[in-house]
Amino acid sequence: MMHERVHGTLDKVDDLAGVPRAVCRYLQNLSVPLRIVMSPDPEFSSINWEGVDVEGRAASREDRCSVTMAFAGIAETGTVAMVSSASSPITSHFLPEVNIAALKQSRLVPAMEDLWPLIAEQPRTVNLISGPSKTADIEQTIVYGAHGPRHFHVILVCDGDA
């Protein structure tokens, strides 16, 4: 999968109810506490987050992990499109060390050109994220987390509409 080629990680779940278990598995593999800041997305509020310490708000610099709902994904490049809104604050996409994005399979488009009709009516900022933040500015050595999340994990949600 292209997302993994750009150094992101990927998991797949059957429905939104499987997202918390996938988040737990991922954070446990990183040895990160099960404490997240979750975008105040209405779809997340109906999920049972038992076992995870959850705060529903925009992320700040002090937060280690955020969970957000992706607007769409581009299969060709492994890119995730995030739309800034009250239920998807931009700080949650870029400030924490770990960003986990839930992406509905029905919102996965084949190519960049297929994304434009979906975002044409979005009134706010659209950010395209292809993997974790990285740079090779210092002695041409790749450093992760230089300008954003060190880890970018996508949970693909099979929502039955794909």
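**Two sheets, a helix and two loop residues**

S88 is found in the loop that connects β6 (79-83) with α4 (91-94); helices (H or I, at least four residues) and strands (E, at least two) are DSSP runs, numbered from the N terminus. The model is predicted, so local features need pLDDT of at least 70 and side-chain atom pairs count only at pLDDT 80 or more, while totals for chains, interfaces and linings use all residues. Residues are numbered from 1 along each chain as its sequence is written, and side-chain values use heavy atoms, with hydrogens and water left out.

Is S88 buried or exposed? S88 counts as buried because its relative accessibility is 6%; buried means under 20% relative accessible area, exposed over 50%, and partly exposed in between (1.4 Å probe, protein chains only). When neighbours within four places in sequence are set aside, S88 is in contact (heavy atoms within 4.5 Å) with S39, M69, V83 and H93.

The strand β6 that precedes this loop belongs to an open sheet of 4 strands, ordered β8-β5-β6-β9, with mixed pairing. Its edge strands, β8 (108-109) and β9 (126-129), each pair on one side only; two strands pair if DSSP finds at least two bridges between them. Within this sheet, β5 (residues 72-74) pairs with β6 in the antiparallel sense over 3 bridges, and A72 stands opposite A81 in β6.

A further open sheet consists of 6 strands in the order β1-β12-β7-β4-β2-β3, and its pairing is parallel. Because β1 and β3 (53-56) stand at the edges with a single partner strand each, one side of each is left without a neighbour in the sheet. From one strand to the next, the twist averages 25°, where axes are lines fitted to C-alpha atoms, for helices over the stretch in contact, and angles run from 0 to 180 degrees between N-to-C directions. The edge strand β3 runs parallel to β2 (residues 35-38), to which 4 bridges join it. V37 stands opposite E55 in β3.

Helix α2 lies across several strands, namely β1, β2, β4 (65-69), β7 (98-104) and β12 (151-157), and runs at about 155° to β12. The loop between β1 (9-13) and α2 (19-30) holds A17. With a relative accessibility of 47%, A17 counts as partly exposed. A17 and S46 are separated by 29 residues in sequence, and their C-alpha atoms are 8.6 Å apart in space.
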